[in-house]
Amino acid sequence: MHIANHIRFRKIFLLLIVFSQAVLPETVGASFMLSGEDEHPCTLLILEEDYVEARLACELDLDNSGPAQRHNLGYFYLTGLGEVNNVELGVALLAQVAATEPHAMNTLAHAYESGTGVEADPAKAWKSAQDSARAHNAVGQYTVGRFYEDGIHVVQDSVEARRWFELAT
(Lines give C-alpha, C1' and ligand atoms only; values in the text may rest on other atoms or scores of the structure.)
Protein backbone atom coordinates (compact mmCIF):
# COMPACT_ATOMS: atom_id res chain seq x y z
CA MET A 1 0.00 0.00 0.00
CA HIS A 2 1.37 3.39 -0.92
CA ILE A 3 2.43 5.23 2.26
CA ALA A 4 0.24 8.28 1.53
CA ASN A 5 -2.84 6.06 1.21
CA HIS A 6 -1.90 4.23 4.38
CA ILE A 7 -1.62 7.49 6.31
CA ARG A 8 -4.91 8.75 4.85
CA PHE A 9 -6.75 5.55 5.85
CA ARG A 10 -5.35 5.63 9.37
CA LYS A 11 -6.36 9.28 9.79
CA ILE A 12 -9.88 8.58 8.55
CA PHE A 13 -10.18 5.58 10.84
CA LEU A 14 -8.90 7.46 13.87
CA LEU A 15 -11.41 10.23 13.20
CA LEU A 16 -14.14 7.59 13.03
CA ILE A 17 -13.13 6.27 16.44
CA VAL A 18 -12.83 9.70 18.02
CA PHE A 19 -16.34 10.63 16.97
CA SER A 20 -17.93 7.30 17.89
CA GLN A 21 -16.32 6.30 21.17
CA ALA A 22 -13.76 7.21 23.81
CA VAL A 23 -10.27 6.33 22.66
CA LEU A 24 -7.86 5.05 25.27
CA PRO A 25 -4.14 4.40 25.47
CA GLU A 26 -2.94 1.70 23.12
CA THR A 27 -2.10 -0.69 25.95
CA VAL A 28 -4.25 -3.32 24.32
CA GLY A 29 -5.17 -1.49 21.13
CA ALA A 30 -8.89 -1.46 21.81
CA SER A 31 -11.32 0.94 23.36
CA PHE A 32 -14.43 1.32 25.47
CA MET A 33 -17.75 0.35 24.01
CA LEU A 34 -20.26 3.16 24.24
CA SER A 35 -23.14 1.94 22.12
CA GLY A 36 -26.26 0.21 23.38
CA GLU A 37 -26.24 1.35 27.00
CA ASP A 38 -25.53 5.05 26.63
CA GLU A 39 -27.52 6.10 29.70
CA HIS A 40 -25.74 3.70 32.07
CA PRO A 41 -23.79 5.62 34.76
CA CYS A 42 -20.62 3.78 33.73
CA THR A 43 -20.94 5.07 30.15
CA LEU A 44 -21.67 8.62 31.25
CA LEU A 45 -18.61 8.64 33.52
CA ILE A 46 -16.43 7.22 30.73
CA LEU A 47 -17.51 10.11 28.53
CA GLU A 48 -16.46 12.47 31.33
CA GLU A 49 -13.13 10.59 31.50
CA ASP A 50 -13.64 9.81 35.20
CA TYR A 51 -12.34 6.25 34.90
CA VAL A 52 -12.18 5.42 38.61
CA GLU A 53 -15.84 6.36 39.17
CA ALA A 54 -16.82 4.70 35.87
CA ARG A 55 -15.16 1.44 36.95
CA LEU A 56 -16.93 1.61 40.30
CA ALA A 57 -20.28 2.21 38.55
CA CYS A 58 -19.66 -0.82 36.32
CA GLU A 59 -18.74 -2.96 39.33
CA LEU A 60 -21.77 -1.89 41.39
CA ASP A 61 -24.24 -2.88 38.69
CA LEU A 62 -22.43 -5.92 37.28
CA ASP A 63 -25.29 -8.35 37.92
CA ASN A 64 -27.70 -6.16 35.94
CA SER A 65 -25.28 -4.96 33.29
CA GLY A 66 -25.39 -5.76 29.62
CA PRO A 67 -22.56 -6.67 27.28
CA ALA A 68 -21.31 -3.08 26.85
CA GLN A 69 -20.71 -2.60 30.57
CA ARG A 70 -19.16 -6.06 31.00
CA HIS A 71 -16.85 -5.24 28.09
CA ASN A 72 -15.97 -1.90 29.66
CA LEU A 73 -15.26 -3.42 33.06
CA GLY A 74 -13.12 -6.09 31.40
CA TYR A 75 -11.26 -3.34 29.57
CA PHE A 76 -10.71 -1.45 32.84
CA TYR A 77 -9.19 -4.55 34.44
CA LEU A 78 -7.16 -5.49 31.37
CA THR A 79 -5.57 -2.05 30.93
CA GLY A 80 -5.38 -0.91 34.54
CA LEU A 81 -7.46 2.20 33.86
CA GLY A 82 -9.65 3.04 36.82
CA GLU A 83 -6.76 2.14 39.14
CA VAL A 84 -7.35 -1.61 39.21
CA ASN A 85 -5.25 -3.98 37.15
CA ASN A 86 -6.53 -7.55 37.06
CA VAL A 87 -5.80 -8.90 33.60
CA GLU A 88 -7.12 -12.39 34.33
CA LEU A 89 -10.51 -11.06 35.45
CA GLY A 90 -10.51 -8.63 32.53
CA VAL A 91 -9.99 -11.44 30.02
CA ALA A 92 -12.67 -13.55 31.76
CA LEU A 93 -15.24 -10.73 31.53
CA LEU A 94 -14.39 -10.12 27.88
CA ALA A 95 -14.63 -13.82 27.07
CA GLN A 96 -18.11 -13.95 28.68
CA VAL A 97 -19.49 -11.44 26.18
CA ALA A 98 -17.25 -12.11 23.17
CA ALA A 99 -19.55 -14.78 21.76
CA THR A 100 -22.18 -12.13 21.02
CA GLU A 101 -20.33 -8.82 21.26
CA PRO A 102 -18.06 -7.85 18.32
CA HIS A 103 -16.25 -5.14 20.27
CA ALA A 104 -15.22 -7.66 22.93
CA MET A 105 -14.07 -10.03 20.17
CA ASN A 106 -11.76 -7.30 18.90
CA THR A 107 -10.44 -6.46 22.37
CA LEU A 108 -9.61 -10.14 22.86
CA ALA A 109 -7.87 -10.15 19.46
CA HIS A 110 -5.52 -7.45 20.73
CA ALA A 111 -4.99 -9.28 24.01
CA TYR A 112 -4.03 -12.47 22.15
CA GLU A 113 -1.83 -10.53 19.77
CA SER A 114 0.09 -8.76 22.54
CA GLY A 115 -0.06 -11.49 25.18
CA THR A 116 -1.88 -9.17 27.61
CA GLY A 117 -3.58 -11.34 30.23
CA VAL A 118 -3.30 -14.42 28.04
CA GLU A 119 -0.53 -16.30 26.32
CA ALA A 120 0.24 -14.61 23.00
CA ASP A 121 -1.48 -16.61 20.28
CA PRO A 122 -1.55 -15.18 16.74
CA ALA A 123 -4.08 -17.81 15.58
CA LYS A 124 -6.57 -16.85 18.32
CA ALA A 125 -5.88 -13.17 17.68
CA TRP A 126 -6.65 -13.65 13.98
CA LYS A 127 -9.84 -15.61 14.66
CA SER A 128 -11.13 -13.03 17.15
CA ALA A 129 -10.33 -10.16 14.78
CA GLN A 130 -12.07 -11.95 11.90
CA ASP A 131 -15.14 -12.68 14.02
CA SER A 132 -15.35 -9.02 15.02
CA ALA A 133 -14.89 -7.81 11.44
CA ARG A 134 -17.47 -10.23 10.07
CA ALA A 135 -19.95 -8.85 12.58
CA HIS A 136 -19.49 -5.45 10.88
CA ASN A 137 -17.48 -3.92 13.72
CA ALA A 138 -15.40 -1.09 12.20
CA VAL A 139 -12.64 -1.49 14.78
CA GLY A 140 -12.48 -5.23 14.01
CA GLN A 141 -12.35 -4.50 10.28
CA TYR A 142 -9.46 -2.14 10.88
CA THR A 143 -7.70 -4.78 12.98
CA VAL A 144 -8.04 -7.35 10.18
CA GLY A 145 -6.61 -4.76 7.77
CA ARG A 146 -3.66 -4.17 10.09
CA PHE A 147 -3.05 -7.92 10.35
CA TYR A 148 -2.88 -8.11 6.55
CA GLU A 149 -0.71 -5.01 6.38
CA ASP A 150 1.77 -6.33 8.93
CA GLY A 151 1.54 -10.03 8.01
CA ILE A 152 0.26 -11.12 11.43
CA HIS A 153 -0.83 -14.76 11.10
CA VAL A 154 -1.55 -14.16 7.40
CA VAL A 155 0.56 -13.57 4.34
CA GLN A 156 1.26 -9.86 4.09
CA ASP A 157 -1.11 -8.42 1.49
CA SER A 158 -1.40 -4.65 0.99
CA VAL A 159 -4.37 -4.98 -1.38
CA GLU A 160 -6.38 -7.00 1.14
CA ALA A 161 -5.28 -4.63 3.92
CA ARG A 162 -6.58 -1.66 1.95
CA ARG A 163 -9.90 -3.42 1.33
CA TRP A 164 -10.38 -3.94 5.08
CA PHE A 165 -9.29 -0.38 5.90
CA GLU A 166 -11.87 0.91 3.43
CA LEU A 167 -14.56 -1.28 5.00
CA ALA A 168 -13.66 0.18 8.39
CA THR A 169 -14.26 3.71 7.23
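Asp 121 caps the N-terminal end of helix α7, with a side-chain oxygen 3.1 Å from the backbone nitrogen of Ala 123. Such a polar contact is a pair of N or O atoms within 3.5 Å, of which, within protein, one must be able to donate a hydrogen and the other to accept it, and residues adjacent in sequence count only if both atoms are side-chain atoms. The model is predicted: local features need pLDDT of at least 70 and side-chain atom pairs count only at pLDDT 80 or more, while totals for chains, interfaces and linings use all residues. Residues are numbered from 1 along each chain as its sequence is written, and side-chain values use heavy atoms, without hydrogens and water.

Helix α7 (a DSSP run of H or I with at least four residues, numbered from the N terminus) has 13 residues and reaches 18 Å from its first C-alpha to its last, close to the 18 Å expected at 1.5 Å a residue. The expected span is 1.5 Å times one less than the number of residues. His 136, with a positive phi near 70°, follows α7.

The table lists the buried residues (under 20% relative accessible area, 1.4 Å probe, protein chains only) of two helices.

| Helix | Buried residues |
|---|---|
| α3 (residues 51-60) | Tyr 51, Ala 54, Arg 55, Ala 57, Cys 58 |
| α7 (residues 122-134) | Ala 125, Trp 126, Ser 128, Ala 129, Gln 130, Ser 132, Ala 133 |

Those of α3 cover an arc of only 160° around the axis, which puts them on the same side of α3; the arc is that of the directions from the helix axis to the C-beta atoms. Their cover includes α2 (41-47) and α4, where contact means heavy atoms within 4.5 Å. The buried residues of α7 pack against α6 (102-114), α8 (138-150) and α9 (158-168).

Thr 79 belongs to α4 (residues 67-79) and is buried, at 13% relative accessible area. A polar atom of the Thr 79 side chain lies 2.8 Å from the backbone oxygen of Tyr 75.

Methods:
Helices (H or I, at least four residues) and strands (E, at least two) are DSSP runs, numbered from the N terminus. Buried means under 20% relative accessible area, exposed over 50%, partly exposed in between (1.4 Å probe, protein chains only).
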